[in-house]
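Work through the exercises below with the sequence and the 3D view at hand. Each task is followed by a solution in steps.

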Amino acid sequence: MYPKDYWTSVKAAMDGIVVDEAHVIECAAVRCAEVVAGGGILHVFGTAHSSAHVAEAFYRAGGLACVNAILDPLLSVDCGALLSTWMERQSGLARLILDRYDLRPGEPMLVFSVSGINDVPVEVAAESRARGLWVIAVTSRSYCQAAAEERGLQKTLITEADLVIDNHVPIGDAVLPLPGTEFRAASISTVVVALIYNLLLEQIITRLTRRNFIVPIFASANLPGASAHNAQLIARYRGRIRHF
């Protein structure tokens with residue numbers, strides 16, 4: 001039989017999210033649904049490996065078409081892992097990044113960061129709030145608080161957000177102990193944050209359908225009629241979403 005320690009850790013985090021974060025996710029969904037029903041869009045941001053969460057939300061089969069992914073190649077591992085790590089720790093970039101996008105007061109900004117302490121995601125949250133957006137942080141409370149205490153940080157993603165969804169990821173993200181070392185292997189953040197986003201999506205869809213609002217959902221490009229359907233959605237939101 002294969003070891004199941006990884007699955008045990010993932011399941012524990014997922015169970016914690018489903019139970020402990022239900023109310024917070026519902027609060028986020030209420031605000032997001034209001035914006036979508038009013039013709040607005042949702043914005044998503046993350047750096048380095050957290051950019052995977054942005055990809056999960058953007059131009060996805062079964063995903064909302066009204067999602068604006070804030071992407072900068074220098075903050076992604078695509079342009080080099082060491083560069084992206086260095087870039088996400090540089091202060092002063094948030095305003096330059098956000099200036100490239102059509103951001104409007106009242107719209108939600110989801111910021112993904114496992115540790116919640118790196119300069120760019122923290123400053124994106126703060127700058128977004130300064131511009132009147134409503135910031136939802138998806139981060140690990142335990143990891144963020146421990147890292148902030150160790151480094152003497154006063155501002156974190158938790159302090160700069162309007163709403164925090166705890167991803168229940170342990171300090172350091174990885175969960176499998178390596179015998180004879182202080183390190184661990186096998187991170188769980190990608191799995192559990194995908195769960196969080198899709199739980200949020202489910203709640204948004206539920207609220208929109210109750211209003212008889214036609215939910216703008218992309219279809220898989222390989223389904224019959226999908227190309228025409230998706231083209232209509234892209235035409236509808238293209239003026240506001242930079243990366244279509």
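**Exercise 1.** How many salt bridges does the count come to?

Solution. The model is predicted: local features need pLDDT of at least 70, side-chain atom pairs count only at pLDDT 80 or more, and totals for chains, interfaces and linings use all residues. Residues are numbered from 1 along each chain as its sequence is written, and side-chain values use heavy atoms, with hydrogens and water left out. Begin with the rule: a salt bridge is a side-chain nitrogen of Lys or Arg within 4 Å of a carboxyl oxygen of Asp or Glu. By this rule there are 12 salt bridges.

**Exercise 2.** Place the salt bridge of Arg-131 and Asp-99 in the chain.

Solution. Helices (H or I, at least four residues) and strands (E, at least two) are DSSP runs, numbered from the N terminus.
- Step 1: the closest N and O atoms of Arg-131 and Asp-99 are 2.8 Å apart.
- Step 2: Arg-131 is in the loop between helix H6 (119–130) and S4, and Asp-99 in the loop between helix H5 (94–98) and S3, so the pair ties together parts 32 residues apart in sequence.
- Step 3: buried means under 20% relative accessible area, exposed over 50%, and partly exposed in between (1.4 Å probe, protein chains only). Arg-131, at 25%, is partly exposed, and Asp-99, at 48%, is partly exposed too.
- Step 4: a network of salt bridges links Arg-95, Asp-99, Glu-127 and Arg-131.

**Exercise 3.** In what order do the strands of the open sheet stand?

Solution. Two strands pair if DSSP finds at least two bridges between them.
- Step 1: the order of the 5 strands is S2-S1-S3-S4-S5, with parallel pairing.
- Step 2: strand S2 (67–70) and strand S5 (163–166) are the edge strands, each pairing on one side only.
- Step 3: S4 (residues 134–139) and S5 pair over 4 bridges; Ala-137 has Val-164 in S5 as its bridge partner.

**Exercise 4.** Is Ser-50 buried or exposed?

Solution.
- Step 1: Ser-50 sits in the loop between S1 and helix H3 (51–57).
- Step 2: its relative accessibility is 8%, so Ser-50 counts as buried.
- Step 3: contact means heavy atoms within 4.5 Å. Leaving out residues up to four places away in sequence, Ser-50 touches Phe-112, Ser-113 and Val-114.
- Step 4: for the chain as a whole, buried residues make up 45% of the 244 residues.
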